[in-house]
Each structure stands twice: as C-alpha cells, then as structure tokens.
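Open the model in your viewer and keep the selection panel at hand. The tour goes through two pockets in turn.

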Amino acid sequence: MAGETAVAGNVDSGRNPGIDALRGLSILLVVIHHTWLRIPLQETGLVAVVPKRVLLALGTNGYEAVFVFFVLSGFLIAGNALRRWSSLGGIDRRAFYARRFARIAPCLALLVAVLSVCDLARVPEFAIDPARQSLGRALMSVLGLHLNWYEGRTGYLPAGWDVLWSLSIEELFYVGFPLAGLLARRGSALLAVPLLILALSLPVTRGMLSGNEIWQEKAYLPGMAAIATGVLAALWMVRSPQTGGFLLAAVGWLGVACVGAVLVAEDLLWHVLGEATMLVLTFGTAALAVVFGRGWGNARIAAWTGWLRSCGRLSYEIYLSHMFVVWPAVWLFRWSGGDLRLGWLWFPLTVALAWSLGWAVDRAISTPADRWLLARLSRPAASSPVLARS
C-alpha cells in the first residue's frame, strides 16, 4: 500500500502501468470487501445476471488483496533500492528512512488524529470498546508497529483502526530492510537463502497459528513471507538475463492464472493445497511483478486501464481513508430501508467516493507533505531524482 515507485516504469511518468493496475485491482477488492461485509453482494438482485461465484470473488478477497500488496511492496522497495544504490548492501539508510517517513507519516498522522477524535466523540462504529481496548493502547500499538498483535490479543478494533494491521507489518519491514541488506555485502546468497526460506514458510506459519483466527490472519511471519517473495522477485529480475517473447508471455499468463485462480476459486484450491494456496497467490503475484517490470503487456494496460491505474497510484490514501466512506454508505443503505435487491447499487457509489476521498487526501496532504519532508530530511548528496510516487 505504501510502496514506492514502479520498477522499470514508462519513460514519461516513471510509473509501471502493469503494477499500478494490479495495485488498483487490489485496493478495489479491499474497498468492496469492507462494503460486502455489511451488504452481501451475492444476496442482491445482481445475482440474477452475474454468477454467484463471481460476486463472492469480488466480495471475499480483501485479505488476499493485502497479500498482493505485501508482495508488490517487497518488489518495489527492493527494486528501487537496487536502482538507486546498485546493491542492497549499499543502501543509504538515512535517505531510505527519510523517503519512507515522508511517504507514510503525514497521512498516518492525520488518520490517527481523526480516529482519536471519533473515539472521544463516541462516533458509532469508530469508537473503541472500553471493555476490551483503550485509545491509549490503540495509539501505542500504531506507533509501536504492533497493532496486529494488539488485535490478536484483544479482538478486532473498529474498522478505521483495523486497516492499520498491515502497516504494522510493512513498517517493520521498512525498519529492518536496510539492515538486512548488510548481509548482501558478504554475498547475495547470504540474503537470498533466508529470503527464500521465509517466502516458502507462509503455509507453515499460517498453519501453526490456526488456534487464533485474528493472529493467524495478521501475524508478522505470514506477511513478511509475502514481502520476502517480492524482494526475491526484484533480486531475480535485476540480476537475471533479459528474456522476452514466448518465455516472458508464458510467465505472465502463468501469473495471471495463479492470481486469478486464487481470487475466483480459492475454495476449490484449498481442498487440494490447503494453506499452500497462499503460495500460489504470492508467487503468482511475484511472476506478474517481474514480467510487468520487464515491460510485458504494459502498452495495452496503459491504454485500457487509466482509472484502475489511478486507484493503484492512490492505493495508500484510499486504504487509509476508505472506511470513512464505507460506513456512511452502509448507514444510508440501512436508512433507506436496506432493500438487498438494490444493495448492489451502493458498491459503485462507495468505490467512486473512496477514490475521490483518496484523491483529495493525496492532493491536500500526501503530495505536498511528501515533497516538503523530503526536501528537509534528505542529504543533497544522497538524493536521487524523485520518481513517481505510489
């Protein structure tokens, strides 16, 4: 969600159309999922014209979409570090942390401030349950990068807070990534081997945590396994020989098939693969990241997916702010009578408003604050041309 720029983007914008479109699809699945939890799409009148499996695929894949984001975050952060500093061992830690802080902190600080006001005002669905949790501990868990652990111990926070569980994992990755890169100074295998073990551990770590549903979904190791998969993909893309033609297309369509199979028929795959189904998703996403990074399909994607790519560019802003659209939309749906036959009409409205709010947050907060902070936190000698933001 808060990843960097697209690797091997187009010349004009510095962005990669394929990766932006994939991020756009992922953030749409998150917004639709959080709406679907309150308005079951498969129970609306749309089921008469759209197969139920398709409606369920649209509504139930919010969690899977976050793991797509994890893979892309690892891919983009590692890939752009290699472009800026030639090797992971050569990362300028001060410049790296400055870029991450400038990108993440302004919107996150605004969100936490608004959520705190909502809690103090006891706004329905945004107020923390004082019997289980407290505003102080919620704030501490956000700033201490352990909101996922806090929820695993105490239960779900209100949805506006709950979305921050994934940032606890991503931000911990950002903190440790430059330090882990020091292993690359002694040979790339010293970093690649632990990354591969971590990437392949995803089914094991999720399976070991099955006793706690919340912690199983939000624990550090499964999320880090997905991020490690993205880092490995970036290392492979940068270090491997250029390929094209049939092989590149074969890998691309394999990635499409893997991601599509999980999103549309995860229940069927689960009967065969169990927890390993998540590896199909993460490695399929990594394959798409690599082929998009090599330019596969980007011309057509750029021509046909303008609005979807804009969702990808605004994915961080939309992710943080979308519950301020979802809940009012649900309230209005219920106030209007809650007719499920027409419930599907609220989904395009919610998506459009979530994009609009994300766009406004980007224009008013993200872009100006990012530039202002980078100008003051970056060393002139370590600065590189500012690439397109995510």
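A pocket here is an open set of grid points where a 1.4 Å probe fits, with protein on both sides within 12 Å along at least five of seven lines. The model is predicted.

**Stop 1: the largest pocket**

Start with the largest pocket, whose volume is about 880 Å³. Select His33, Thr60, Gly62, Tyr63 and Glu217: of the 37 lining residues, these are the closest to the centre of this pocket. Next, colour the elements that give two or more residues to its lining: helix 1 (17-36), helix 2 (52-60), helix 3 (62-85), helix 7 (159-162), helix 11 (213-218) and helix 13 (245-273). Helix 13 provides the largest share, seven residues. Now colour the lining by class; 20 residues are nonpolar, six are polar and eleven are charged.

**Stop 2: the second largest pocket**

Move on to the second largest pocket, with a volume of about 410 Å³. Its lining has 17 residues, and those to select at the start are Val256, Leu288, Phe292, Trp296 and Ile301, which lie nearest the centre. Which helices each supply at least two residues of this lining? Show helix 1, helix 13, helix 14 (277-293) and helix 15 (298-304). Helix 13 again has the largest share, here five residues. Coloured by class, the lining of the second largest pocket shows twelve nonpolar, four polar and one charged.

**Last selection**

Finish with helix 13 on its own. This helix gives seven residues to the lining of the largest pocket and five to that of the second largest.

Terms used. Residues are numbered from 1 along each chain as its sequence is written. This is a predicted model: local features need pLDDT of at least 70, side-chain atom pairs count only at pLDDT 80 or more; totals for chains, interfaces and linings use all residues. Side-chain values use heavy atoms; hydrogens and water are left out. On a 1 Å grid over the protein atoms alone, a cavity is a set of points where a 1.4 Å probe fits but cannot get out, and a pocket is an open set with protein on both sides within 12 Å along at least five of seven lines; lining residues have an atom within 4 Å of a point. Grid points are joined across faces, edges and corners, and a volume is the space filled by probe spheres set on the points. Helices (H or I, at least four residues) and strands (E, at least two) are DSSP runs, numbered from the N terminus. Ala, Val, Leu, Ile, Met, Phe, Trp, Tyr, Cys and Pro count as nonpolar, Asp, Glu, Lys and Arg as charged, and the others, Gly among them, as polar.
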